[in-house]
Every structure is written in C-alpha cells, then in structure tokens.
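Here are a few notes to get you started on this one. Have the model open as you read, and take the points in order.

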Amino acid sequence: MNDDYQQFVLLIKEKTGIDLSLYKEAQMKRRLTSLRDKKGFRTFRLFYEAICQDEKLFNEFLERMTINVSEFYRNAKRWEVLEQKILPRLLRENPRLKLWSAACSTGEEPYTLAMIMSKFKPLKDVSILATDIDQAILERAKVGLYPERSLKEAPTEAIRNFFHKEPIGYRVKQEIKDTVSFKRQNLLADRFDDQYDLIICRNVMIYFTEEAKHELYHKFSRALRPGGVLFVGSTEQIFNPAVYQFCSEDTFFYQKCKKGTS
Ligand SMILES: C[S@@+](CC[C@H](N)C(=O)[O-])C[C@H]1O[C@@H](n2cnc3c(N)ncnc32)[C@H](O)[C@@H]1O
C-alpha cells in the first residue's frame with residue numbers, strides 16, 4: 001500500500017510536474033485515498049492509469065489535493081494593518097507597486113487587495129498578478145461570483161462600492177476584475193519574477209513540508225525588492241526570518257531587509 005502510493009507520487013511528478021512529496025504526507029494521502037476509493041479503484045496504480053485517460057478525473061484529483069477555501073478580507077484586522085501601515089510605506093518608496101497574490105484560489109484575495117488599493121490610486125493604475133496551481137479554480141476566480149458567506153468579513157462600504165447583488169450571489173464589479181491577471185503557476189516548481197513590492201501568500205504554506213517551506217521562503221525573498229513585503233496567513237509565522245533576509249514589520253508581515261539591516 002505504501003509502495004503503491006510512493007510509486008503514484010513519482011508517476012504524477014513525471015507526468016505533471018506536481019511533486020506530492022512536498023506536501024505533508026499523512027494529510028495528502030488521506031485525501032487522495034478517499035477520492036480513489038470513491039471512484040472505485042483498488043490501487044493507486046489503477047487510479048493513476050485512469051487519471052491519464054480522463055481529464056475530468058485529473059481535475060477532480062487536482063481539486064482534491066488542494067484546499068480552496070477563501071474569503072474576502074480574510075482575518076480583517078491584518079488587512080487593516082496592510083492598508084494603514086504597510087501600503088503607505090511601500091507607496092512612499094515606489095508609487096508604481098508590483099503586486100502578487102500567490103495561491104489566490106477563487107480570487108477573493110487579489111480582489112480584496114484591489115479594493116484596498118482603490119483607496120490610494122485610481123483603479124486603472126493598479127495591476128495585480130494572481131496565481132494558483134489549479135486552472136479550474138482560476139476560471140471561477142475570473143467569473144467573480146460569490147455566495148454571501150464569502151463576504152462576511154468584508155466592510156459594508158466595500159460591499160456597497162465593489163459588488164453587484166444578483167439573485168444567486170454577489171458579483172465583483174468589472175473595474176475591480178480589470179486590475180487582476182490570473183495565471184496558472186506551481187509555487188513549488190515554477191520560477192518567479194522579481195522586484196515585487198508586495199507578495200501575499202496565505203493559507204497554503206501550512207500544507208507544505210518544512211523543506212518545501214524553507215525553499216519557498218528563499219524564493220519569495222529573492223523575488224522581493226529590498227524593503228518589499230511578504231504577507232503570510234494567520235497561522236504561518238516564520239520562526240527564523242533572518243535566515244531569509246526578512247525582518248518582521250508587523251505580525252504576519254515580513255520585510256525583505258534593506259542593505260545593512262540584515
Ligand atoms: C486554502 S487556499 C488559500 C487561498 C487564499 N490565499 C486565502 O488565504 O484565502 C490554498 C490554495 O493554494 C493552492 N495551491 C496548493 N498548492 C499549490 C502550489 N504548489 N502552487 C500554487 N498554488 C497552490 C490551492 O489550489 C488553493 O487554491
């Protein structure tokens with residue numbers, strides 16, 4: 001059983017470039033075993049062969065391996081710190097911010113950033129890259145239609161200004177959508193652009209092994225300009241930020257050290 005799973009991990013890596021061994025194993029194996037059983041395959045080998053021939057099953061596999069829960073203004077107090085402290089400093093240093101929401105899921109996070117940026121700049125001057133490993137999720141993000149529960153932390157003013165209420169939910173206004181470019185990307189395998197002012201990467205690192213996290217913090221650090229900021233999730237504190245040339249600017253905000261301050 002264990003060999004069968006290990007073999008599956010190797011085959012999936014070979015076929016798709018997705019390395020399941022970089023995710024915490026017990027959790028990943030549990031999730032994939034339950035999908036495999038539900039689909040009626042006795043072994044991971046048979047499950048793999050079916051995945052190769054059936055795109056729908058491959059998408060289900062992707063959906064099961066990732067957890068896509070998100071919300072607008074998730075942990076709202078942190079977004080207040082971003083608005084009141086972090087962004088004003090970043091904008092003083094560089095008026096044309098390079099912004100990235102990494103592992104953006106269904107889009108609530110980059111759209112929240114756009115709503116906050118509108119307080120500083122006309123939206124036509126705001127541009128945000130948003131990436132995720134799961135293409136199907138990105139297609140949903142582009143549609144921009146959400147159930148009411150996704151907005152439970154959003155300020156009333158943001159709901160009034162940036163959503164159209166429709167019979168089946170709330171749709172993000174076009175001017176917000178226009179600020180975000182969605183792109184498929186695997187954080188654990190693909191290369192990053194550089195000179196970012198702000199990278200938001202929240203609630204995905206918890207699924208990765210310690211080694212994968214360590215490598216990823218290095219990649220994020222290299223992708224930021226000195227003074228740029230990595231904003232992480234509310235259970236994802238970095239224990240030894242200096243190793244990655246980060247210093248803590250506020251809880252869950254890490255500034256890439258400027259020369260001479262590391
Ligand atoms: C729980 S959601 C977090 C969404 C959002 N950042 C938030 O905090 O609300 C985790 C997202 O990470 C994505 N993900 C998982 N592994 C990834 C990888 N290797 N590269 C890029 N995205 C990944 C999943 O597809 C999922 O959409």
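The points below go from the ligand to the pockets.

1. Keep in mind that this is a predicted model. Start with the ligand: 21 residues surround it, and Tyr 23, Ser 70, Arg 74, Asp 132 and Asn 203 come nearest. Sorted by class, this shell holds 9 nonpolar, 7 polar and 5 charged residues.

2. Now look at the polar side chains. Arg 74 has a side-chain N or O atom 2.7 Å from an oxygen atom of the ligand, and a polar side-chain atom of Asn 68 is 2.8 Å from a ligand oxygen atom. For Glu 109, the partner is a nitrogen atom of the ligand, 2.8 Å from an N or O atom of the side chain. On its own the ligand has 610 Å² of accessible area, and the protein covers 98% of that.

3. Where does the ligand sit? Its space is the largest pocket, with a volume of about 480 Å³. The lining counts 31 residues, with Ile 67, Ala 103, Asn 203, Val 204 and Tyr 207 nearest the centre. Two or more lining residues come from each of α2 (25–38) and β2 (128–132); α2 gives the most, 3 residues. By class, the lining has 15 nonpolar, 9 polar and 7 charged residues.

4. Don't skip the second largest pocket, which holds about 300 Å³ of space. Its lining has 14 residues, and Thr 106, Glu 108, Arg 140, Pro 147 and Ser 150 are the closest to its centre. At least two lining residues each come from α7 (135–143) and β3 (145–146). The class split here is 5 nonpolar, 5 polar and 4 charged.

Technical notes
Residues numbered from 1 in each chain as written. Predicted model: local features only at pLDDT ≥ 70, side-chain atom pairs only at ≥ 80, totals over all residues. Heavy atoms only, no water. Near = heavy atom within 4 Å. Polar contact = N/O pair within 3.5 Å; in protein donor to acceptor, adjacent residues only side chain to side chain. Areas by Shrake-Rupley, 256 points an atom, 1.4 Å probe, with all protein chains shown as cover. 1 Å grid on protein atoms, 1.4 Å probe; cavity = no way out; pocket = protein on both sides within 12 Å on 5 of 7 lines; lining within 4 Å. Sits in = over half its atoms within 2 Å of the grid points. Nonpolar A, V, L, I, M, F, W, Y, C, P; charged D, E, K, R; others polar. Points joined across faces, edges and corners; volume = space filled by probe spheres on them. Helix = DSSP H or I, 4+ residues; strand = E, 2+ residues; numbered from the N terminus.
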